[in-house]
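Me: I should like to learn how to read the features of a structural model. May we take them one at a time?

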Amino acid sequence: MALRTIVTQKLKSFFSLIGVLIGVTFLIAVVSIVQGMNVYMEDQFANRLIGLNTFALRTFPNFNSGNVTDDMWRAWMRRPRISYADADYVAERLKTPAVTARFCSDRMVLSYGSKQAKDIELMGTEPSYFDIKNVEVATGRIFTPQEVRVGAPVLVVGSELGEKLFQGLDPLGREVTIRGLPYRVIGVAARRGTLFGISLDKFAVMPFRAPARRYICPLNILDELQIKAANPDLMLTAMGETEALMRTRRGLKPGVENNFFLQNASGALDGWKKISKILFTALPGLVAISLVVGGIVIMNIMLMAVAERTREIGIRKALGAKRRDILAQFVIESATLSTVGAALGIATGIGLAFAVRALTPLPAAVAPWSIAVGVALGMTVGIIAGVYPATRASKLDPITALRAE
């Protein structure tokens, strides 16, 4: 009967359920986008840029989620840089099984003949870097520890850089120049895709002792020492050891702040976690506003329905319908109306989430719990909104109701 009423009075039903529809749509869409972003940030952003079970020994963070004051920035600039000797000291004394890689980078211009590739990330590192960052080589090879020791001028290039510079030619064995210094391409990395629409394949990797180190890690200085453990527990243990080793090496007394920084994926995600927390904190209030409005609309429509169907109620009571029967009839109609609105809202929210995923770099992952919450909210709003009109209908005197026109 409730569904028949909704179908019969389509326009009235639509305006009745639109508030619930908007509230549930907003709930599903926002939760889906935020949940998708959580997965994306953890699997793509943090693990690609930092590395799984990986942390870095740095002078100061290169991902910062808070407000950096001028005083804080000046204090960071006064810190001693991470040197080759610091990296050797930590790598040689670290007891926890871990893989280490010295690392430095900067944006450079690479040339091949008359062609130039600008704003390319040139990285100086060790062979272990490819394992730490899960960078696979599609063709060719990575450089060897011997080539690192002698500073051989060789490069592994990203797939997009290879396509741009060599345009259909096989990059292997070809010579590119970096500020006039010749380098031989020995490998091409497998395609890594994009991150927030930014290509991850515009890079070149060289041994950190190669001649171009003067441009990216001058004066025996590194940007960071990357350290990868087998699992999260070992990573935390290695972080504790590294902190103790560096404090000992730099003679820092108890209570004195570290003059270096240990950065892992969770640190890089701090900024996003704050945004996500704000969104989830504000979400219930925003959804509640729509649902309250929707509930008020449904209540008003149901009150109109009671007025319009007074004669029907009188007939039902005259034929033996009890008060609870009339009460149940109108509460079920209200709950059905609201649940249909919630179902349409769920469908619309999922549609919006998938549209965002298809049309933008932002991902979306529908959370099953949000669908259950949407249905529950729809039913609850309908029941609450229908109680007063149903109570009013159930209290009608059958004789008076039968006289109604």
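Reply: We may begin with accessibility. A residue is called buried under 20% relative accessible area, exposed over 50%, and partly exposed in between. Please note that this model is predicted.

Me: How does Arg93 count on that scale, and what is its relative accessible area?

Reply: Arg93 has a relative accessible area of 40%, so it counts as partly exposed. Glu92 counts as exposed because its relative accessibility is 61%. These two residues, Glu92 and Arg93, form a salt bridge whose closest N and O atoms are 3.7 Å apart.

Me: How should I recognise a salt bridge, and how many does a search of the whole structure find?

Reply: The criterion is a side-chain nitrogen of Lys or Arg within 4 Å of a carboxyl oxygen of Asp or Glu. A search of the whole structure finds eleven such salt bridges. One of them joins Asp86 to Arg250, with the closest N and O atoms 3.1 Å apart. This pair links distant parts of the chain, since Asp86 lies in helix α4 and Arg250 in the loop between α9 and β14, 164 residues apart. Both Asp86 and Arg250 are buried. In addition, Asp86, Arg249 and Arg250 are linked in a network of salt bridges.

Me: Are the partners Glu147 and Arg141 buried or partly exposed?

Reply: Glu147 is buried, at 13% relative accessibility, whereas Arg141 is partly exposed, at 35%. Their side chains meet in a salt bridge at 2.9 Å, N to O.

Me: How is the packing of two helices described?

Reply: Two packed helices are described by the angle between their axes and the distance between the axes. Here, helix α4 (residues 84–93) and helix α9 (residues 232–249) have axes that come within 10 Å and cross at roughly 130 degrees. The two helices, α4 and α9, are therefore oblique to each other. The crossing in which α4 passes α9 is right-handed.

Me: Which residues make the nonpolar surface patch?

Reply: Leu11, Phe14, Phe15, Ile18 and Ile22 make a nonpolar surface patch of about 480 Å². Among them, Phe15 lies in helix α2 (residues 10–49). With a relative accessible area of 47%, Phe15 is partly exposed.

Me: Is Val20 buried or exposed, and where does it lie?

Reply: Val20 lies in helix α2. Its relative accessibility is 0%, so Val20 counts as buried. Although Val20 and Val287 are 267 residues apart in sequence, their C-alpha atoms are 9.0 Å apart in space.

Note on methods
Residues are numbered from 1 along each chain as its sequence is written. This is a predicted model: local features need pLDDT of at least 70, side-chain atom pairs count only at pLDDT 80 or more; totals for chains, interfaces and linings use all residues. Side-chain values use heavy atoms; hydrogens and water are left out. Patches are made of residues with over 30% relative accessible area and no salt bridge: like charges are joined within 9 Å, nonpolar side chains (Val, Leu, Ile, Met, Phe, Trp, Tyr) within 5 Å. Accessible areas come from the Shrake-Rupley method with a 1.4 Å probe; for residues, only the protein chains shown count as cover. Helices (H or I, at least four residues) and strands (E, at least two) are DSSP runs, numbered from the N terminus. Buried means under 20% relative accessible area, exposed over 50%, partly exposed in between (1.4 Å probe, protein chains only). Axes are lines fitted to C-alpha atoms, for helices over the stretch in contact, and angles run from 0 to 180 degrees between N-to-C directions. Angles under 35 degrees count as roughly parallel, over 145 as roughly antiparallel, 65 to 115 as roughly perpendicular and the rest as oblique. A crossing is left-handed if the near helix is turned anticlockwise from the far one by less than a right angle, and right-handed if clockwise.
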